[in-house]
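Below are some notes for a colleague who has not looked at this structure before. They are set out as numbered points.

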Amino acid sequence: MRFLDKNNLSLKEDWYGNNAAICCSSCGKVFLVSQILHRKGRACPKCGLTHATISRTEVAISETPGSP
Ligand SMILES: [Zn+2]
């Protein structure tokens with residue numbers, strides 16, 4: 001599990017208000033996670049191996065190990 005650093009977002013990450021965009025480390029898909037729409041977080045819509053949850057204070061990303 002890793003967390004986005006709001007002051008040190010990478011080129012493939014964004015975080016604004018209740019929404020964050022992250023890049024799946026398994027397939028490279030960039031996807032959005034919203035605190036309002038995805039109360040239990042959201043998995044990568046392409047491969048499902050990366051799961052992100054956003055709260056008021058943090059964006060947590062869990063990546064399934066062992067994926068190509
Ligand atoms: Zn993916």
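1. Is G41 buried, partly exposed or exposed? A residue counts as buried with 20 or more other C-beta atoms within 10 Å of its own, and as exposed with 12 or fewer. G41 has 17 other C-beta atoms within 10 Å, so it is partly exposed. The model is a predicted one, and this holds for every point that follows.

2. G41 sits in the loop between β4 and β5. Setting aside neighbours within four places in sequence, its contacts are V33, H51, A52 and T53. G41 and I54 lie 13 residues apart in sequence, and their C-alpha atoms are 6.6 Å apart in space.

3. On confidence, the mean pLDDT of the chain is 93, with 96% of the residues reaching 70 or more. Confidence is lowest in strand β1 (residues 2-3), where the mean is 95, and highest in β4, at 98.

4. What elements does the chain contain? The chain has 7 strands and 0 helices, and from the N terminus on the order is β-β-β-β-β-β-β. With a radius of gyration of 11 Å, close to the 11 Å that the globule rule gives for 68 residues, the chain is as compact as a globular protein of that length. Taken along the principal axes, its C-alpha atoms fill a box of roughly 30 × 25 × 15 Å.

5. Two figures describe the chain as a whole. Buried residues make up 16% of the 68 residues. Of the contacts between residues at least 6 apart in sequence, 24% join residues at least 24 apart.

6. Which strands form the open sheet? There are 3 strands in this sheet, in the order β2-β3-β4, and the pairing is antiparallel. β2 (14-16) and β4 (30-34) are the edge strands, each pairing on one side only. On average, neighbouring strands of this sheet are turned by 15 degrees against each other, direction ignored.

7. Within that sheet, β2 and β3 run antiparallel and are joined by 3 bridges. W15 stands opposite A20 in β3. The two strands form a hairpin with 2 residues between them, and G17 in the turn has a positive phi of about 60 degrees.

8. β3 also pairs with β4, in the antiparallel sense and over 5 bridges. Here the bridge partner of A21 is L32 in β4. This hairpin has 6 residues between its strands, and G28 in the turn has a positive phi of about 90 degrees.

9. How do the side chains of β3 point along the strand? They alternate: A20 and I22 point to one face and are buried, while N19, A21 and C23 point to the other and are not. Thus A20, which stands opposite W15, is on the buried face, whereas A21, the bridge partner of L32, points to the other face.

10. Strand β5 (residues 42-43) runs antiparallel to β6, and 2 bridges join them. A43 has H51 in β6 as its bridge partner. β5 and β6 form a hairpin with 6 residues between them, and G48 in the turn has a positive phi of about 75 degrees.

11. β6 and β7 are paired in the antiparallel sense over 5 bridges, and a hairpin joins them through 4 residues. The bridge partner of T50 in β7 is E63. Side chains alternate along β6 as well: T50, A52 and I54 point to one face and are buried, while H51 and T53 point to the other and are not. G41 touches residues of both groups, including A52 and H51.

12. Which residues make up the largest nonpolar core? It has 8 residues: L4, A20, I22, V33, A52, I54, V59 and I61. The elements that give two or more residues to this core are β3 (19-23), β6 (50-54) and β7 (59-63). In soluble globular proteins, nonpolar side chains tend to be buried together.

13. One of the core residues is I61. Not counting residues up to four places away in sequence, I61 touches M1, R2, I22, T50 and A52. Among these, I22 and A52 belong to the core. A52 is also in contact with G41, the partly exposed residue of the opening question.

How values were computed
Residues are numbered from 1 along each chain as its sequence is written. This is a predicted model: local features need pLDDT of at least 70, side-chain atom pairs count only at pLDDT 80 or more; totals for chains, interfaces and linings use all residues. A nonpolar core is a set of buried Ala, Val, Leu, Ile, Met, Phe, Trp, Tyr and Cys residues joined through C-beta atoms within 7 Å. Two residues are in contact if their C-beta atoms, placed from the backbone, lie within 7 Å. Two strands pair if DSSP finds at least two bridges between them. Axes are lines fitted to C-alpha atoms, for helices over the stretch in contact, and angles run from 0 to 180 degrees between N-to-C directions. The radius of gyration is taken over C-alpha atoms; the globule rule is 2.2 Å times the number of residues to the power 0.38. pLDDT is the predictor's confidence in each residue, from 0 to 100.
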